[in-house]
Every structure is written in C-alpha cells, then in structure tokens.
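Me: Please take a close look at one part of this model for me. I would like the second largest pocket, and what surrounds it.

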Amino acid sequence: MKKNDIGVIGMAVMGRNLALNIAKSGYNVAIFNRTINKTKDVMLKCSEKNISPYFLIQDFLRSLKKPRRILLMVQSGQATDDIINVLTPYLNSGDIIIDGGNSFYKDTIRRSKDLLKNNVSFLGVGISGGEYGALNGPSIMPGGQKSAYDIVKPIFKSIASKFKNQPCVAYIGPNGSGHYVKMVHNGIEYADMQLISEVYIILKNIVNYSNKEISDVFDIWNQGELNSYLIDITKNILRKKDHNGDLIDYVLDEAVNKGTGKWTCQDALDLHESLNVITESVFARYVSSLKSQRMLASKILSGPNVSLVSSHKDDFIEDLRKALYLSKIIAYSQGFSQLGSASKKYYWNLKCHEIASIFRSGCIIQADFLNQLVEIYKYDNIIINLLLSPYFQDISKQYQSSLRKIVSYVVKQGIAIPALVSSLTYYDSYRTSQSSANLIQAQRDCFGAHTYKRNDKSGVYHTNWLE
Ligand code: 6PG
C-alpha cells in the first residue's frame, strides 16, 4: 500500500487548504480531524486523488512514510497540547511534529523540549497568508531543529508563495524562533491595519469622501511606494456592496483579536523595546470593543466640531500618503528592532534580510517596501534602527513634516488617530538628544534614593533634594 508523504491534522479552513496545496504539489497527504464529518466534507469537495482520509489516529499514523511528518493545524493553546498528548504514545524516534498554528513561542519551546526527550523533533512554523495563502502559497517561517527542517524543506518549498520564482520560506532558527517571527509579523499586521483604518476615517470624516472616493485614493497609492496586500484589499473592501449600499458602512466597529498582537507587546515590554505603534494598535482594538460605553460617552463628553478640508484637498491627501508611509516605516522598524533583541536574548541568530525577503509574497504584510528592508539588512543585519539607514533617513527628512501636519490637523478635529500620533511621538522621542528623563531620575532619587548618573562626570550619585 502506498505510504503518505505527510499527514495533516485539523481540517478547519487553514488545515484543509494547506492539505490541498500540498496535494496539488504532488505529495501524498493523509488527513485527520477530531470530528469525522469535517474530514468527510473535505473529501466530498476535493478532487485531488492523492489525499486520503483517516478516521482513527492509529491508521493515520500507520499510513505515513518514516520519519513521519505530521502537520498540526489546530487551535493554538490547549488544543495543540491535547493533540500532542494523543499522538505521543504512538510516536517513534525521528518523527517530526510540525505546528503550523499561531502558537505562543514559549509554548513551542516547552513542547519542543518535551518531545525531544523521546527523540521526536518539533518544528514551530509560522504560516501567513490566510485562507487564500494556505491554498495558493503562504509565507512560511519554520523554527526548530535544522535537521528536521531539512526533511520537510522540499514540501515547504513547493507549497510556499513565490517571489520572483523564489519560495517564501527560510529556516528561521532554533525552536520558538519561527513562531516568534510570526508573532511579530502579526504585531506589524495590527499596526499596518490600524494605520490604514485611521487614514480611512480621516478621508471619510475630514475630507468628506465617499467609500468609492476613498477606495480610489487607495487604488492610486497602491500603484506607488505604498503598494501592499493590505492597501489592495482595503481598496476592494470599500467597493463591496450589499442590498443596503456599501457593506463597510454596516460592519460593526468593534475589532476583535486572537492574541498574537498582545503577545508581541507583552514581549516588547520584557525586552525593553519601544513598540508603541503596535501597542497603540492593540489598545485601539480594545477601545473599539467598548461600543456601548463609546455610544454613551459620545453623548456626554465634549470635543471640537470637525472642520472639513475644503481647499487644497490634493495637498492634504498627499500629506496623508506621506504620513502613512512614514508611520508604516516606523511600525516595521519597531517590529524588526524587537526581532533583533529577541535574537540576541535567545541566541537565535535571526537573519533579518531573509525574514524581510520571505515577507515579500504570500503573507498579510507583503509590501513593495520590504524590498528596501531586504537591501538594508543584506548590508547590515544588526542595524540599530531602520530609520538610520540612508534610504529611510531620506524618506523621514522629506515626510516628517507631512506626518506632523496631519497629526496636528486631525488631533485638533477631535478624531482619534492613536497609531499616527504614536508614530510621530516615537519619531520625535528617538531624534531627541536631550529628553526629559533627567527629571524622572531626579524624582526617583528624591523620593526613593534610587540614585542617578550625571552628564558631566562618571559615577552614581544620591542627593538630599528637599533639604
Ligand atoms: C496571517 C494572519 C493570521 C490571522 C490573523 C488574525 O498571517 O495569515 O495573521 O494568522 O488570521 O492574524 O488575527 P487576529 O484575529 O488577532 O486579528
């Protein structure tokens, strides 16, 4: 009987589409799902001959070539632990478990250690691209034992999205690193989405544009340096109709999340990374979910009346474009800086040019401007801040006044734009040679004898400030 090259467990949309993608690439795929009906449903709808359904985990495992390659596409958290526990008694030395879900990287490190006790390899693999990407080519971020990665590499290379014929997959590093990179990818995704939605609300409420006009603006921007998957889908989303009119106007304004953005921010705090644009984007989702409170507050709390942009609209929109681009650069540079810190802390030796390179197609944050990141990191893998690279220095010189104009205009209108504001705040904080932190140090020393350093001589000092 023919043996299967790989088994996929979890037939929700991502698992099913990845199984189909692997089968389309010519591999024999075994599929399994906890509830039998989902597996049957996949078989009813798919025409691939090289997918075989299994309804007993033992049969599923027996059908696999050795060493067995088992891709888990189940919910992160307890469900992942549960399925690993089910598999463990049947696993043999050399088998490879691949977790393709959005797992927390510390869970991945723990699972990897546990499985290694039985000589079972564990790959924590970030997979981005949503349902379409899973089927047609995602961006893949594998972390774990390199020897295990080498065994699954041919499959990943054939199913990954291609950027100029190059598969968007690269070995990220030891265990946990693949899921870490995916986590930060998602943090950047949150910031990108928040920035775009702030621009949308500005065009809607201050420029007074219709959805169609806003879509046209994004369409034009998508043909230039802002070209990206997220701008592209936004343009299309704004054109979608339903029987009432534009569908976007009927979508409830409460953004939910599955936690990857929050994890990115929590980790940034541990690493002392100033990840304020991504963090504000997570907070913006939290505030959005307070719909009933916001409805109440809108009647109670006062603010200015919005004065529409009536003249020089084109100039305003060009400033908005520049503000968005510079803010996007700042969000990415914060995310990549965090990758650098994590790499140092965990000795992962992350290669930022390869990470930027595999983000160029297949994933949610794919964007033209990643080409710049690839070039910058090729020359300098540990550049302390992307803003200091000659290309981004130049952009910031040209664009910072636009970001400033937009932020000050919109803030005066009382419209919340937390990600744009925090981009500018970060920019100005970062370029400040003399900050206000001297006063904080003096206050700490004053009330708690925490000591302070001086800028005119070395050493550590304490002063009785109130004497
Ligand atoms: C991807 C996405 C994907 C996930 C979104 C949604 O890269 O394909 O990131 O993994 O669907 O991150 O996450 P939230 O529900 O937290 O917005």
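Reply: Here is the pocket, then a helix beside it in the account, then the whole chain.

This is a predicted model: local features need pLDDT of at least 70, side-chain atom pairs count only at pLDDT 80 or more, and totals for chains, interfaces and linings use all residues. Residues are numbered from 1 along each chain as its sequence is written, and side-chain values use heavy atoms, with hydrogens and water left out.

Start with the pocket. A pocket is an open set of points on a 1 Å grid over the protein atoms alone, where a 1.4 Å probe fits, with protein on both sides within 12 Å along at least five of seven lines. The second largest pocket has a volume of about 430 Å³. That volume is the space filled by probe spheres set on the points, which are joined across faces, edges and corners.

Now the lining. Lining residues have an atom within 4 Å of a point. The second largest pocket has 23 of them. Ser-337, Gly-340, Ser-341, Lys-344 and Ile-383 lie nearest its centre. Two or more lining residues come from each of helix 14 (313-346) and helix 18 (418-430). Helices here are DSSP runs of H or I with at least four residues, strands are runs of E with at least two, and both are numbered from the N terminus. Helix 14 gives the most to this lining, 8 residues. By class, the lining has 10 nonpolar, 11 polar and 2 charged residues. Ala, Val, Leu, Ile, Met, Phe, Trp, Tyr, Cys and Pro count as nonpolar, Asp, Glu, Lys and Arg as charged, and the others, Gly among them, as polar.

Stay with helix 14. Its axis and that of helix 8 (residues 177-205) come within 10 Å and cross at roughly 165°. Because of that angle, helix 8 is roughly antiparallel to helix 14; the term applies to angles over 145 degrees. Axes are lines fitted to C-alpha atoms, for helices over the stretch in contact, and angles run from 0 to 180 degrees between N-to-C directions. The contact of helix 8 with helix 14 has 20 nonpolar, 3 polar and 2 charged residues.

Step back to the chain. It has 19 helices and 11 strands. The C-alpha trace spans about 80 × 65 × 45 Å along its principal axes.

One last detail lies elsewhere. The peptide bond from Lys-66 to Pro-67 is cis, with omega near -5°. Pro-67 lies in the loop between helix 3 (57-62) and strand 4 (69-72).

Methods:
Parallel < 35°, antiparallel > 145°, perpendicular 65-115°, else oblique.
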